[in-house]
Each structure stands twice: as structure tokens, then as C-alpha cells.
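Work through the exercises below with the model open. Each task is followed by a solution in steps.

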Amino acid sequence: MVKKLLPASNLAPTYGSRAMSRPVPKYALPEHEMPPQTAYQLIHDELMLDGNARLNLATFVTTWMEPEAEQLMAETFDKNMIDKDEYPQTAEIETRCINMIARLFNAPDDNEAIGVSAIGSSEAVMLAGMALKWRWRARQKSLGKPQSKPNLVLGTNVQVVWEKFCRYWEIEPRYIPIHDGCYVITPEKVVEYIDENTIGVVAILGTTFTGEFEPIEAIHDAIVAHNKSYDLDVPLHIDAASGGFVAPFIHPSLRWDFRLSNVVSINTSGHKYGLVYPGVGWVVWRNQTYLPQDLIFHVNYLGGNMPTFTLNFSRPGNQIVGQYYNFLRLGRTGYTKIMQSLRETATTLSARIANLGPFTLLSDGSDIPVFAFRLKPGITRYTVHDVSERMRIRGWQIPAYTLPPEAETVSVLRIVIREGFSHDMADLLLADIAKAIEELSGDHPSTSRDKGEHFHHN
């Protein structure tokens, strides 16, 4: 049988092609095109210099999803979330997700909760903060009081996006300092910072520095009592970026959400423990009272009148689809199993690390699967930064950093346990930490008591 000859360009070896024989322009547009497989291989090879995402224990962001979820997300890259008339079913899926999240956060049973999706918690924080400011401004105006000096009460342990919000929207940030030995804000300190110009208080469900829950119910009760005593109306916003998809499943009795009457809004990250690739975030308000109508735009665009509250306009719908896949695929039982497993991995690993000898835990991973640890005071031959650098040689990315002002003398390492991090990987990590300690301290292998121990998982 006669076979058709392939074009000569298809027969050229990938690395023997002309485009591969010389450097390609990096900061100017090339003059000529190249074959798709060549462009792919050039970029693929360069990206090998990045760290392995699965070994990145610094990030909270999801780095593994099921193949079926990946396929659905790949199929929906081209759907523009803002074009709800053209993609009505994607818009319906977004609405379903918002309803599921509102109920997960124990929104009142009057079906009045309202929410939006966002690129991530960074955008969600901006939207929630704007709603706080607008509502405070309207109240001040109704009382005939000045509206020129709004402030927001928050801890120095907040994520940097809150600093951005305060700067961009001209709000005075009133930072409550954290201290060595106490890495969250306290009810007593919160009420000291409140006055009639306070647009709200931010409490964190799972801090990025240590993974701890702030005492939200106690903070809430203190604000309510303070409001009553001084005729104020200061609300509470919960930054649940890290803990919003953890607490409902493994801490169901913890009162941090809309069960508390003065919690008016909550943001969370779908691309963290919502188990979706970046980026997707959510913000939900108790009811429409707390989302001022003059923040909502009604846009006549692409065939219909759409109410919208967003800082971004065009964005792909695939992350929304990925979130909905997880909700359907896992349900409450599935999320609970995953979060219980991650917590067990985190608490077991943190205990083993503490047992190595040089480290002291700041947190143990029992709130969310995140923990931080520091070197004991007597260890001076190396620092946490040395440990972090030594671990990077083995491919692990474990961040080393100092805590915020007034606790900046504390240098820590932090480990985030995510879906896809197995008990076998934890064994490998523990062995590498033990080896790094031996190399940095010059001790014999027997010094690391936990070396060689393995996880036992029921």
C-alpha cells in the first residue's frame, strides 16, 4: 500500500529545528512564526525551572484536582463569566454555589443572603470592605455626622490585601499588634480601638502566619456589648479565606459565622481549601441590608441588563465550574473526610517535627491544616532561613519569615498541608528535615530521634 509522505517540517527533530538552535527573543515580539510544537517545547522547558507545585508547602492554593475536574475546567476556559445572557447555565451554576456557601455558613433561613464570586479572596476582601465603608458613610450621613475619617480595626496578622484596601479606599487602618506568645487579636484589645468612625472589625478564621482561629465568638460578643454601651453600630466581617471550607466540616460546633448576629459578611477562597485551582473567591452578606444598592451596577451589555458588583469584568467561568464539581462530587461527607485527613496529617507531622528536638511549635495544625514552628532559643548555629534553604535543595519549599511588628523577633517556618499531600510524602519531608538539621548542626544521625519513624493512619 502506498503511504502518503509527511511534510518535511513534520519530520524534523524537535531540538534540531532552526528555532531551537538559537535563543528566541524574550522581551520583544519575534519577527516570524514558529511551529506550535516548537513554541510549546520552548516554554515547557523554561517552566521546568519553577519549583514543583506539589512540594510547595508555602502556598495555600490548590495544586491538585481530579482529572474529571481538570477536564471540565479545560472545557470551560472560553466562557466569560460576565456574559450571563450568552452563558446562562454557567451563571446558574454560580448562583447555586453562592447559595450552597451561604447555607454552609449558616445564613438565616429567610433566603435573603446575597453573594458574589470573585477572582480570589483579594477581590472578595475589596468588595466586602467597600460595603462596610458605604454602609458606615450612609449611617453617618443620616446622623448628620462627618464622613471624612473612616477607620477599620484589624490585627497586624491580616493578609496584605487588607492593607491595600485601606490605602486604596483612604481608610485609616487601626492595627492591633500581636505579641510573642499570642499571635491573634483579643476581644479586650478590639474594643479599645473602636469609635464612631469604625466601619467594621475584621476577624480571621485561620491566620496566614500560624493557621490559628481568632476567638471570633468572644470578639463578636465584646463588639455587641460595646455597641450597646456607646450607641454604635460597628459590624464584624470574617476573613475566612483559609478556614471557610475547613471549619464547617471539622469544627461544626464552632460559632464564627452567621449564627453570630453581628457578623454581616464573610469572604472565603475556593482555590484554597475549597479545593479548586486558582483563582476563585466568594463573599457572602447576611442580607441585602449590608450590601448597599449604590455599589451595584446595572449594565446593559451583551444582550441583557445585568446587576454586577465586581472589580473585574471579563474572566473565565471554569473556576466556578470547578467549584461546583467539588460541591457535587464531594458533598458534606467528602469534604469532611478530606479535611479530617489533612488535619490528621498536619497534627501528626507537627508533633513529629517538635519531637526532632530543635523546634518549638507555635501552632499544631488542629484549627486548619497549617502550622508554624520556630527554633528553640539555645540554638544559634543555624537559623530557620538556613533550614528553609537546605530544604529547597531537596525540592521542598518551606517559607521562613519573621512575624509582624512587636513580634518581629520571632522567626518561623510554616507548613501548609493540602489535598494531594500524602502520608508517604510527609514521611519523606520529615526525613529530609532531620537530615537538614544534622547537616546544619554537625550532629550524628542518632541525634534525630524521629528519623525513620513513619505515619500510621487509621
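**Exercise 1.** Classify Trp256 as buried or exposed, and describe its aromatic pair with Phe105.

Solution. In this predicted model, Trp256 has a relative accessible area of 1%. Buried means under 20%, so Trp256 is buried. Phe105, at 0%, is buried as well. The ring centres of Phe105 and Trp256 are 5.2 Å apart, with 70 degrees between the planes. Planes over 60 degrees apart count as edge-to-face, so this pair is edge-to-face. Phe105 is in the loop between helix H4 and E1, while Trp256 is in the loop between helix H9 and E6. The pair thus links parts of the chain 151 residues apart.

**Exercise 2.** Assign the geometry of the ring pair Phe327 and Tyr335.

Solution. The centres lie 6.2 Å apart and the planes make 55 degrees, so the pair is tilted. Phe327 and Tyr335 are both buried. The structure holds 13 aromatic pairs. Ring pairs also join Trp162, Phe165, Tyr168 and Trp169 into a cluster.

**Exercise 3.** Give the strand order of the open sheet and locate its edges.

Solution. The seven strands are ordered E1-E7-E6-E5-E4-E2-E3, with mixed pairing. The edge strands are E1 (114-118) and E3 (172-176), each pairing on one side only. From one strand to the next, the twist averages 20 degrees. Within the sheet, E5 and E6 run parallel and are joined by five bridges; Leu236 stands opposite Val263 in E6. Helix H8 (residues 216-230) packs on the sheet, touching E4, E5 and E6, and its direction makes about 165 degrees with that of E5.

Terms used
Residues are numbered from 1 along each chain as its sequence is written. This is a predicted model: local features need pLDDT of at least 70, side-chain atom pairs count only at pLDDT 80 or more; totals for chains, interfaces and linings use all residues. Side-chain values use heavy atoms; hydrogens and water are left out. Two strands pair if DSSP finds at least two bridges between them. Helices (H or I, at least four residues) and strands (E, at least two) are DSSP runs, numbered from the N terminus. Axes are lines fitted to C-alpha atoms, for helices over the stretch in contact, and angles run from 0 to 180 degrees between N-to-C directions. Contact means heavy atoms within 4.5 Å. Rings of Phe, Tyr and Trp (its six-membered ring) pair if their centres lie within 6.5 Å; planes under 30 degrees apart count as stacked, over 60 as edge-to-face and the rest as tilted. Buried means under 20% relative accessible area, exposed over 50%, partly exposed in between (1.4 Å probe, protein chains only).
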